[in-house]
Amino acid sequence: MGSLFRSEEMALCQLFLQSEAAYACVSELGELGLVQFRDLNPDVNAFQRKFVNEVRRCDEMERKLRYLEKEIKKDGIPMLDTGESPEAPQPREMIDLEATFEKLENELREVNQNAEALKRNFLELTELKHILRKTQVFFDEEGGLNHTTESMTRALITDEVRATGASMGPVQLGFVAGVISREKLPAFERMLWRACRGNVFLRQAMIESPLEDPTNGDQVYKSVFIIFFQGDQLKTRVKKICEGFRATLYPCPEAPADRREMAMGVMTRIEDLNTVLGQTQDHRHRVLVAAAKNLKNWFVKVRKIKAIYHTLNLFNLDVTQKCLIAECWVPLLDIETIQLALRRGTERSGSSVPPILNRMQTFENPPTYNRTNKFTKAFQALIDAYGVASYREMNPAPYTIITFPFLFAVMFGDIGHGAIMALFGLWMIRKEKGLAAQKTDNEIWNIFFGGRYIIFLMGVFSMYTGLIYNDIFSKSLNIFGSHWHVSYNKSTVWNNKMLQLSPATSDYEGTPYPFGMDPIWQVATSNKIVFQNAYKMKISIIFGVLHMIFGVVMSWHNHTYFRNRLSLIYEFIPQLVFLLLLFFYMVLLMFIKWNRFAATNPMPYSEGCAPSILITFIDMVLFNTPKTPPKGCEVYMFWGQHFIQVVFVLVALGCIPVMLLGKPIKIMQARKLANVQPITGADAEVGGMSNGGGGGGHGGGGHHDEEEMSEIFIHQGIHTIEYVLGSVSHTASYLRLWALSLAHAQLAEVLWTMVLSIGLNKEGWYGGVFVTVVFAFWAILTVGILVLMEGLSAFLHTLRLHWVEFQSKFYLGQGYAFQPFSFDSIIENGGSASGDAE
């Protein structure tokens, strides 16, 4: 139970393992997840360590598995995930795994190469088929090849021939046909025109259906073209341009009969290729389906092997090369469990020499390990986000389980909105096994799911404070019947927009509503907000002062645990006295005012004589004489108030020099008496103050022993000023509880009056349809704005109140987290074992 309030006691141990048993023992420790190994070879390069070859082999196996995974995902084949974690394989099993992965990779690569070659042939034949069809259309449009040649010849007569008037003999035109990407066609056509000076004739036609690129499987739109030219020089130029634009040229016979015969041959070969391609794809699919059944387990096995060898690289070899030596941090309570795991590993390896686990003495700060479960894990994460606790420092997490959702609920108090939040959290809790197994990469969802217990508690507490405020979607519940009997009739309520309640009249029975607020305040539109403002403002200050006092009391636990007598006397006591005599006294004034002054009381304790708590507190601090009260009223709320206030302020002011000078002067006196520079011991601890006295020099020796006295005075002065001024600002900071509660209630009322009430006021048959539409709109706005946005705002304000106003009183947060060698965390983080190696 003690580890819930403080981090676990840790021990630095030395571990001796026989070389043949080291792998199995580390494997057992990885399954246990309770040992953090230290790197005993910090100056050795990663490539020069003993087990670097085994790590490289694991990297190679992981590469092959990632290749298999990519191919499986490409085909959309589901991978079997049983949720179980297989044991780490024995070293001799690595050879079998390597052989299996090698065989699968080679087979798959061979199949992919064959499929790619077949697809490339299929693409070429398909393009050739389209060329033969389209060129046939070109020639048919011109009435035959001979007529085409004559027309092309006339079109391609050069200007020089026309100018000289020379006669033209029979000319034979050449042509090339091919396929080009459709997006390159305009640039291709311009280049042909410019490079050949207009002495070529281009015809093109689009291929309607896209063609598959055999390299990457993309769908590409292409066009068929045919280019007519005259002479070998233009032929060479045209081919170079086609090559530059990556156009594919195909042979195309001139005779129609030859083209028809070639087309029939192409169709036959396409059909044969389709058959072979289908068989190849079936074989590839069978290979991938077989691999998908074991892929998850293979990944786990390889990552475990790799993590073990990474960890073994942290160890030292003794001079005989037969024993591995390791140093590790372990929780003191789990040493027996760790020794049992080591024995299991030794027995599994067949070694006859038992492992040795020796506890070592050290002056290092141990890592911080707070044992958590699925409920406390989220609350501990909130604390660790501020800073990991120093070793054995008081842990705020168990107290946060209650204070965090409660302070949130003070700002978010609404039965309806709290119920929505609680039901969402309860749904995630009930379905947590299935939702956790999905392992989505959506960060927002993972944050919500990780904080499911926080969300549930925030919703439940909000329902409770909603009952106190008697607020459900800006309306009230009449559970016990009102304790007011207002003599309003229907016309009075409907015809008067501003109504108010006065407890001084006979309308009030004189006894309070049994639980929470009386629902009659819903009709008091004139003074409802005035009444609720005063109420919520005061409870915000009350909760804030109690929360801060609790934080200061927590620092007492730190000082007593670490036997820090100086901090206890010269920090904790004056801090607590300062807070009690000023701010807790202000809280007492609120209760005195509530108890003594009422609307029905006679003078001088009637409602009109009630003084302002804020003005009273300001006058108290400034030693001002209160202003003359109205006739018949008393200046003070109780007898001897002025004298008590003067004493309280003087004592509180006297605490400031004690906080400022007490500890440094005692340290200076101790140094003079010892006549040693520097001294050691608890009296020299000055570095352990955390914004007002959190647990100092952990472990008995101060970590600022060598500080100059000037630095000690400056350090103490900074924290004293911060605490004194912070007490004022932190108290005012808790007014956010009142402000956000008011804003939440007003937003809910605006949504009701300006959205839902419009639908509820409609009559007739269409009123039901209209209210359904309006209700849907109102529900979306309620969930989106009031539950999500307002909930997030209240969550962040609550987080700030805990981090700054509460934890600054006692929490140092300068430790480092315990990161044990654990297979579960390695697999969850995607197999990275580099953190263990470092």
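Colleague: Which residues of the largest nonpolar core touch the most other members?

Modeller: Those are I454, M458, F578, L582, F583 and F795, out of 62 residues in that core. A nonpolar core here is a set of buried Ala, Val, Leu, Ile, Met, Phe, Trp, Tyr and Cys residues joined through side-chain atoms within 4.5 Å. Bear in mind that this is a predicted model, with pLDDT of at least 70 needed for local features and 80 or more for side-chain atom pairs, while totals for chains, interfaces and linings use all residues. Numbering runs from 1 along each chain as its sequence is written, and side-chain values use heavy atoms, without hydrogens or water.

Colleague: Thanks! Which helix gives the largest share of this core?

Modeller: That would be α20, which supplies eleven residues of the core. Helices are DSSP runs of H or I with at least four residues, strands are E runs of at least two, and both are numbered from the N terminus.

Colleague: And what does I454 touch?

Modeller: Not counting residues up to four places away in sequence, I454 touches A378, F379, L382, F404 and F795. Contact means heavy atoms within 4.5 Å. One of those partners, F795, is also among the core residues that touch the most other members.

Colleague: How many residues are in the second core?

Modeller: The second core has 61 residues and is separate, with V35, L68, Y391 and F818 among its members.

Colleague: Switching to S540: where is it, and is it buried or exposed?

Modeller: S540 sits in helix α19. It counts as buried because its relative accessibility is 1%. The cut-offs are under 20% relative accessible area for buried, over 50% for exposed and partly exposed in between, with a 1.4 Å probe and protein chains only.

Colleague: What is S540 in contact with?

Modeller: Once neighbours within four places in sequence are left aside, S540 contacts Y734, L735, L737 and W738.

Colleague: Now some backbone. What is phi of R197?

Modeller: Phi of R197 is near 55°, so a positive value in a residue that isn't glycine. Most residues other than glycine have a negative phi. R197 belongs to the loop between α7 (185-195) and β4 (201-206).

Colleague: Is R197 buried or exposed?

Modeller: R197 counts as exposed, because its relative accessibility is 72%.

Colleague: What about R246: what is its phi, and where does it lie?

Modeller: R246 has a positive phi near 55°, and its place is in the loop between α8 (232-244) and β8 (248-250). With a relative accessible area of 70%, R246 is exposed.
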